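Here's a quick briefing to read with the model open beside you. Grab your viewer and follow along.

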Amino acid sequence: MAAKNSDASGTSTGDTSDRELVVTRVFDAPRELVFEAFTDPKHLANWWGPRGFSTTTRSMDLRPGGVWRLVMHGPDGRDYHNRIVYDEVVRPERIAFQHVPDAECEPSIHRTIITLEALGEQTRVTLKMVFESAEALAFIIKNYRADTGAVQTLERLGELLDGLFAESPAAREQVFRISRVFDAPRALVYQAWTEPAMLQHWWGPKGFTFRTGRNDVQPGGMFHYALVSPEGREMWGRWVFRQVVAPELLSFVASFSDADGGVTRHPFAPEWPLEVLSIVHFSDVGDKTQIEMIGLPIHASEQERQIFRGGRDSMQHGWTGTLDELAAFLATQHSE
């Protein structure tokens, strides 16, 4: 540990090693793109916090003296309000901020320093949290498991980067994207994505019939379903949820499946990636709702990535038909 670091108030106090929590990880992504993951609320929603948590950014002013207000939603249903004040923002090298409580925020006071070191096309991230005292650090570890949480947070960042940022910027533009505006309120559109009684009326390629499905909409939960093709062939699929922020965000890993919920290869294209990370944002557009979805292969070989990129036109056609079915279903609900 380096001496002459800053403490939680930003003042120089010599050796702080007895009150530091430090986690380091190397990511397969360029530094500029990793920095983006730390500073874009849409990306932060998908990884910031320990496993089981999701994050909603209420406001972010990314500059020295600016404030980031966020709410971390715990797996127990509790909301943890946070107020962060930036000390330093040096793109793409360093971010430092104070965790400063107020009337509605968590009581922990500490300073966080995030450094990003370029290692060719990789990036080493060091996350350092400096507390007011060794006792304060011990308290936050005992009561909030901050040490485990910090490790899990960077693990989740790695999972996002594996898919979203592991390719070159040019290849990144080939990630599948689709958006659509629906003439229905956001709560109803979100409900249609999460309730089996509604999903059965629209989910699946055009011409397919939804036969059965169960849905456990929480981080780690699964939507497991069976469709029947026009020729009568049964096809199983599953979503394993990573982030659930109603009615703003769904993030899940989509796979073909079997009746037992296992992961299987694409029944018609065996070289298709086994896992595709899907991130769906729901936003208000007046009294209508826009969804923006991206899909990208994770834990995939280069050949699987190439096949995925080559299938973008097919995915566009398939998703357009599926969203047409959703629009038709919403029209019946919204008119009631």
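What follows is a short tour, from the whole chain down to one residue.

This is a predicted model. The protein chain has 336 residues, and 48% of them are buried. Its secondary structure adds up to nine helices and 15 strands.

**Whole chain**
- Take the contacts between residues at least 6 apart in sequence: 51% of those join residues at least 24 apart.
- The chain exposes about 15,400 Å², and 49% of that comes from carbon and sulfur atoms.

**The seven-stranded sheet**
- Seven strands make an open sheet, in the order β1-β7-β6-β5-β4-β3-β2, with antiparallel pairing.
- At the edges sit β1 (20-27) and β2 (54-60), each of which pairs on one side only.
- On average, neighbouring strands here are turned by 25° against each other, direction ignored.
- As general background, strands in a sheet pair through backbone hydrogen bonds, in either a parallel or an antiparallel way.

**Strand pairs and hairpins**
- Strands β3 (residues 67-73) and β4 (residues 79-90) run antiparallel and are joined by seven bridges.
- If you want to check the register, V67 has V85 in β4 as its bridge partner, and M72 stands opposite Y80 in β4.
- β3 and β4 form a hairpin with five residues between them. Look for G77 in that turn, where phi is positive at about 90°.
- Next along, β4 and β5 pair over six bridges, again in the antiparallel sense.
- This pair is a hairpin as well, with three residues between the strands. One bridge to find is that of V90 with its partner R94 in β5.

**Helices on the sheet**
- Helix α1 (residues 31-39) packs on the sheet and touches β2, β4, β5 (94-99), β6 (110-119) and β7 (122-131).
- The direction of α1 makes about 155° with that of β6.
- Helix α3 (residues 134-144) lies across β1, β4 and β7, and runs at about 110° to β7.

**Nonpolar cores**
- The largest nonpolar core has 44 residues, and F38, W47, W48, I114 and L157 touch the most other members.
- Helix α4 (residues 146-164) gives the most to this core, namely six residues.
- Another core lies apart from it, with 38 residues that include F176, F182, L199 and F256.
- In general, nonpolar side chains in soluble globular proteins tend to be buried together.

**Close-up on W48 and T55**
- What does W48 touch? Leaving out residues up to four places away in sequence, the contacts of W48 are F38, T55, W68, L70, M72, F97, T153 and R156.
- T55, one of those contacts, has its place in strand β2.
- Is T55 buried or exposed? T55 counts as buried because its relative accessibility is 3%, and the cut-off for buried is under 20%.
- A polar atom of the T55 side chain lies 2.9 Å from the backbone oxygen of W48.
- Not counting residues up to four places away in sequence, T55 touches L44, A45, W48, L70, V71, M72, H73, Q243 and V245.
- Both contact lists include L70 and M72: they appear for W48 and again for T55.

Technical notes:
Residues are numbered from 1 along each chain as its sequence is written. This is a predicted model: local features need pLDDT of at least 70, side-chain atom pairs count only at pLDDT 80 or more; totals for chains, interfaces and linings use all residues. Side-chain values use heavy atoms; hydrogens and water are left out. Two strands pair if DSSP finds at least two bridges between them. Helices (H or I, at least four residues) and strands (E, at least two) are DSSP runs, numbered from the N terminus. Axes are lines fitted to C-alpha atoms, for helices over the stretch in contact, and angles run from 0 to 180 degrees between N-to-C directions. Contact means heavy atoms within 4.5 Å. A nonpolar core is a set of buried Ala, Val, Leu, Ile, Met, Phe, Trp, Tyr and Cys residues joined through side-chain atoms within 4.5 Å. Buried means under 20% relative accessible area, exposed over 50%, partly exposed in between (1.4 Å probe, protein chains only). Accessible areas come from the Shrake-Rupley method with a 1.4 Å probe; for residues, only the protein chains shown count as cover. A polar contact is a pair of N or O atoms within 3.5 Å; within protein, one must be able to donate a hydrogen and the other to accept it, and residues adjacent in sequence count only if both atoms are side-chain atoms.
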